[in-house]
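Colleague: I'm new to this one. Walk me through how to read it, feature by feature.

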Amino acid sequence: GITDFQNFSGNNSEEPPANQKIRKETTLTKANQKLITGHKSVVRDEIVARGDEIIELAKVVGANPEPGFDELETSERAAGCLESLGLDVERNLAITGLRATRQFSPGGPTVAVLGELDSLRVPAHPDANPETGAVHACGHHAQVGQLIGAAIGLSSESLAGHLNGSVAFIATPAEEFIDVGRRLLRHQTGELGFMSGKQEMIRIGTFDDVDMAMMVHTASDGSKGTFSVGGASTAHVVQHVRFTGKAAHAGGAPWDGVNALQAANISMMAINALRETFPADDTIRVHGIITSGGIAVNSIPGEAIYEGRVRGRDNSIVDAMAIRIENCFKAGALAMGGVVEIVSMPGYMALSTDETMDELFAQNVEWFRGGDSVFRRQSLTSMGGSTDMGDLSQVMPVIHPFVSAAIGTAHGADYVIDDYEAAVVAPAVAMAMTVIDLLSNDALAAESIIAESSPPMTRQEYIDAQQARFKVVNYDARPTG
């Protein structure tokens with residue numbers, strides 16, 4: 001809670017452990033070290049002093065959930081908060097995203113602090129919007145508070161002239177890859193290139209001048225107030241599948257119809273039959289829903305639509321498995337004598353976090369939360385889920401820590417943040433402190449990370465690779481003759 005921040009829970013050393021590591025790499029003088037420690041203390045105090053304000057912002061966002069690319073009110077709330085700090089805000093990035101930049105000095109690296117705007121749709125959740133089913137059952141509303149909290153701290157006048165480079169505050173839309181049919185339509189009409197927020201922001205150039213990025217996600221693993229760093233996430237591909245049959249009277253002449261819903265059902269049975277062949281180490285997950293299965297019960301369904309996802313440890317595993325799943329869709333169409341169209345869309349790439357940035361973040365948390373407040377995951381430990389922060393990790397160093405601040409199951413009807421100090425204030429403090437570490441002392445820590453990192457792709461290579469993953473397969477199994 002707030003008391004922990006004020007009392008440096010468990011570790012009240014004058015010199016934060018984070019800077020002990022930095023001194024070895026950048027030969028900080030004691031005077032510089034004391035100055036950095038002072039800046040961190042001031043920034044921490046400013047964020048904590050406005051803790052109730054940023055928690056209230058998070059709660060208001062939570063009470064007004066908006067799904068991806070529709071976060072109009074949420075985006076405007078965040079923009080207004082950033083403008084109140086004297087920052088110029090670029091709006092309408094990837095439809096509802098935004099960015100504000102504080103330049104500490106000309107030149108130097110740019111570090112991005114991110115927060116996600118969108119909600120899920122979980123109609124059974126007690127807090128769900130009764131009309132849309134939208135609800136923040138994954139904690140993104142806390143990230144909006146974190147983003148503004150970090151901006152409050154890093155807008156401190158005490159930092160003027162002491163940091164080298166810039167910090168970009170970026171609110172990203174549509175991390176939850178839902179409403180696939182709607183996003184596909186927006187792509188087909190040219191409104192979207194890629195169909196998640198960070199993917200599209202990479203494509204349109206929002207991150208072109210950013211050198212590294214960070215964000216914090218909430219978790220409900222039971223270890224309240226504890227952070228975790230490191231680990232990995234899965235890659236995935238998204239499939240929008242349209243089965244086309246022939247409508248007919250279900251009672252009077254079913255033999256005149258071709259049942260598209262049964263074609264979809266057969267496809268899902270084929271997928272289930274494959275599951276025992278999935279290699280254990282590949283973290284493969286195949287899951288989907290039927291979003292349309294017919295119009296009237298007394299009519300043979302002439303169309304059925306399946307939205308699905310194939311996840312795996314990396315892109316090569318996902319792409320190979322996606323071909324096998326395509327064959328299952330073809331099998332359903334063949335069995336019923338119908339047609340299937342399979343639209344494959346580039347999902348997320350696997351997350352890989354920067355170990356040095358992770359350690360800086362972890363040591364800052366330990367400084368003001370105590371030495372047992374951070375769990376360090378093994379770098380290859382997959383968390384099973386996917387995030388478009390993985391896409392960003394393909395082109396720059398990133399970190400994606402978690403903080404345990406919720407109860408219930410993520411994406412479930414019982415997911416609720418029950419510790420807003422841990423969910424909002426603590427991550428804001430930790431990210432602001434980490435930015436100070438990165439950009440202090442002529443930004444030597446940031447420059448060292450940039451020099452030593454080797455992202456797998458350039459931004460253009462990423463765009464080209466993702467565009468190449470768009471694919472449409474048509475299979476016509478209607479009898480001839």
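**Contacts, phi angles and salt bridges**

Modeller: Let's start with H136, whose contacts (heavy atoms within 4.5 Å), neighbours within four places in sequence left aside, are V61, G62, P65, E66, L117, D118, S119, H141 and Y415. Keep in mind that this is a predicted model, where local features need pLDDT of at least 70 and side-chain atom pairs pLDDT 80 or more, while totals for chains, interfaces and linings use all residues. Residues are numbered from 1 along each chain as its sequence is written, and side-chain values use heavy atoms, with hydrogens and water left out.

Colleague: Where is H136 in the chain, and is H136 buried or exposed?

Modeller: Look in the loop between β5 (134–135) and α6 (140–154). Helices (H or I, at least four residues) and strands (E, at least two) are DSSP runs, numbered from the N terminus. Burial goes by relative accessible area: under 20% is buried, over 50% exposed, and in between partly exposed (1.4 Å probe, protein chains only). H136 comes out at 6%, so H136 is buried.

Colleague: Now a charged one: which side chain of opposite charge is nearest to E175?

Modeller: In this count Lys and Arg are positive, Asp and Glu negative, and His and the chain ends are left out. For E175 the nearest opposite charge is K198, 5.8 Å away. A salt bridge needs a side-chain nitrogen of Lys or Arg within 4 Å of a carboxyl oxygen of Asp or Glu, and E175 has none even though E175 is buried. You'll find E175 in the loop between β6 (166–172) and α7 (180–188). Beyond four places in sequence, E175 is in contact with E116, D118, H140, K198, Y348, S386, T387 and D388.

Colleague: How do I read phi? Which residue has a positive phi of about 60°?

Modeller: Most residues other than glycine have a negative phi. Here N92, not a glycine, has that positive value of about 60°. N92 sits in strand β1 (residues 89–93) and is exposed, at 62% relative accessible area. D179 is another non-glycine case, with phi near 50°, and D179 belongs to the loop between β6 and α7.

Colleague: Back to salt bridges. How many does the structure hold?

Modeller: The structure holds 24. Try one inside a helix: the side chains of R77 and E73 pair up at 3.9 Å, N to O. Both are in helix α5 (residues 72–84), 4 residues apart, about one turn of the helix. R77 is partly exposed at 28%, and E73 is partly exposed too, at 45%.

Colleague: And what does the pair R469 and D319 tie together?

Modeller: That salt bridge is 3.0 Å, N to O. R469 is in the loop between α15 (459–468) and β19 (471–476) and D319 in helix α10 (residues 315–336), so the pair links parts 150 residues apart in sequence. R469 is buried at 11%, whereas D319 is partly exposed at 32%.

Colleague: What are the closest N and O atoms of R376 and E359 doing?

Modeller: They lie 3.1 Å apart in a salt bridge. R376 is in strand β14 (residues 374–376) and E359 in helix α11 (residues 355–369), so this pair ties together parts 17 residues apart in sequence. R376 is partly exposed, at 32%.

Colleague: Which residues do salt bridges with shared partners join into one network?

Modeller: D70, R121, D179, R182, R186 and E191. You've met D179 already, as a residue with a positive phi.
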